[in-house]
Amino acid sequence: MPSLLSITAHFFLQVAVILLTYRLLWPLFRRLAQVQVVAIMVAGFLLGPSVLGWLWPAAQQWLFPTKLTIGAETFTHPNLTAIYVVGQLGLVLYMFLVGASFKLDILGAHVRQAGVTAAAGIGVPLVLGGLVGWWMVGLGGYFTDKVVHWQGGLFVAAAVAITAFPMLAWIIYDSGLLNTRLGTMALSCAAVDDACAWVLLATVVATTKGSLFGAFLAIGGGLLYLLFMAYLGRPLLAKLETWTPPRGDVERTGGLPIAQLSIILIVVLMASWFTDVVGIYSVFGAFVAGAVMPRGALLDTIRERFEPLVGYLLLPAFFIYSGLNTQLTLILDPSTLLMAGLVLVVSFAAKFGAIGLAARSQGMSWYEAGSMGALANARGLMELILLNIGLEAGLISGKLYTILALMTIITTFLATPLQRLFERRLRKTGSKFGPAGEEPHDDVPRASYASDS
């Protein structure tokens, strides 16, 4: 068994390699009109068995070991566990920051449109993805023996319905859409669709264990958490903005009151723990905690201090963990490649097409509706989380994991260029995306879409 010192030293090297790879990729991705989170995601896959493991297997296995053999027994390597835990911490803190930036006032003004588009974003994937998943179970090789037809259908439906909630927030932030109707509605639809997808996943996992308790716990626990945070948590947390901590706390931390910060971190971590326990995943608990926090100087200071550390140090660990589970060699036979193509087509139709048409039916222009569909079509982080849960629960094979991971990369990679294509065409008409929809722009050049930071 490696010593704690050797595990720590190797972990430092792993994180440094992840960040170095991302920084080397970033100039290329910036030219491709991508945001930085996409470069970080791809860096994780490049360092996994599909690319580095194919080019230099010995180096990849030494740098990112996944198994540890002691005698006749094989265990998960401690460094893989460390990467997983750090990645989960990064996810939770990042989703808190996303919730802290969420514009509830804009959502309230467009709640009906958000509801219709969110319904389309879960209803169409439920039908199309369900049919494909049902078929996959019959073909064999994609699911394990414990999964029956309807369970496979629900799993693929959930995988197709997922939107990259954390990555979508990063894309919206980097693209300057955070305070617009488009950005707010896209995040709202993603939140609703992802919550429904997690209920579907909880149903599949619970029923393969012979009980529906997990599904009911996810629904009931999630509603209980939302009600608690909205009606009890929010007014209690509002007192943080007016509470005056000891003067020394603020001076020692350069304007960041350590007492309030400690309380906020405790709330975020407890919220993440509870939502993990009930089965709707920690990122939703963290997001809601951020959404109910009092807006003001305190939250602005916390966001300013935490965003660089979370986004560029902790969060990349999650992508390398997902990349280690993806093996493109598993899908190189013709029949599996055809299945991968079918999944990709269904994914575009069920999200880009369905949400775009639903948004158009609610009075949005084709430009704004197309942008909504393009943003919703990104899967990113949430899809990878779902796949990891399915793999660890013994529901899916490595082949299906790789098919859906490949779909994740493609849909996420295309989301930003498609959205910006619609935005460029809109700007040619003399308009831009604003808080109430399209509005005239002032002819002042925007900052670079993908500015470095």
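This short talk covers a helix crossing, a covered helix, some aromatic pairs and one strand residue. Keep in mind that the model is predicted.

Let's start with two helices. Helix α5 spans residues 78-101, and helix α16 spans residues 316-323. Their axes come within 7 Å. They cross at roughly 130 degrees. That angle makes α5 oblique to α16, because it lies outside the parallel, antiparallel and perpendicular ranges. The crossing of α5 and α16 is left-handed.

Who makes the contact? From α5, we have Leu80, Ile83, Tyr84, Val86, Gly87, Gln88 and Leu91. From α16, we have Ala317, Phe318, Ile320 and Tyr321. Now sort those by class. Nine are nonpolar and two are polar. None is charged.

Next, helix α18, residues 366-376. This helix is mostly covered. Of its eleven residues, nine are buried. Walk along it and you meet Glu368, Ala369, Gly370, Ser371 and Met372, buried. Then come Gly373, Ala374, Leu375 and Ala376, also buried. Note that a glutamate, Glu368, is in that buried set.

On to the aromatics. How many aromatic pairs does the structure hold? Four. I'll show two of the four.

Phe11 and Phe12 make one pair. Their ring centres are 6.5 Å apart. Their planes sit at 55 degrees, so the pair is tilted. Are the two rings' residues buried or exposed? Phe11 is buried, at 15% relative accessible area. Phe12 is exposed, at 56%. The cut-offs explain those labels: buried means under 20%, and exposed means over 50%.

Now the pair of Phe29 and Phe413. This one is edge-to-face. Centre to centre, the rings are 5.9 Å apart, with 85 degrees between the planes. The pair links distant parts of the chain. Phe29 belongs to helix α1, residues 4-31. Phe413 belongs to helix α20, residues 398-428. In sequence, the two are 384 residues apart. Phe29 is buried, with a relative accessible area of 6%. Phe413 is partly exposed, with 26%.

Last stop, Ile70. Where is it found? Ile70 is in strand β1, residues 67-70. Ile70 is partly exposed, at 35% relative accessible area. What does Ile70 touch, leaving out residues up to four places away in sequence? Met1 and Phe75. Take Met1. Ile70 and Met1 are 69 residues apart along the chain. Their C-alpha atoms are separated by 7.5 Å.

To recap: α5 and α16 cross left-handed, α18 is mostly covered, and Phe29 pairs with Phe413 edge-to-face. Ile70 touches Met1 and Phe75. Thanks.

How values were computed: Residues numbered from 1 in each chain as written. Predicted model: local features only at pLDDT ≥ 70, side-chain atom pairs only at ≥ 80, totals over all residues. Heavy atoms only, no water. Axes fitted to C-alpha atoms, helices over the stretch in contact; angles between N-to-C directions. Helix = DSSP H or I, 4+ residues; strand = E, 2+ residues; numbered from the N terminus. Parallel < 35°, antiparallel > 145°, perpendicular 65-115°, else oblique. Left-handed = near helix turned anticlockwise from the far one by under 90°. Contact = heavy atoms within 4.5 Å. Nonpolar A, V, L, I, M, F, W, Y, C, P; charged D, E, K, R; others polar. Buried < 20%, exposed > 50% of the residue type's maximum accessible area, 1.4 Å probe, protein only. Phe/Tyr/Trp six-rings, centres within 6.5 Å; stacked < 30°, edge-to-face > 60°.
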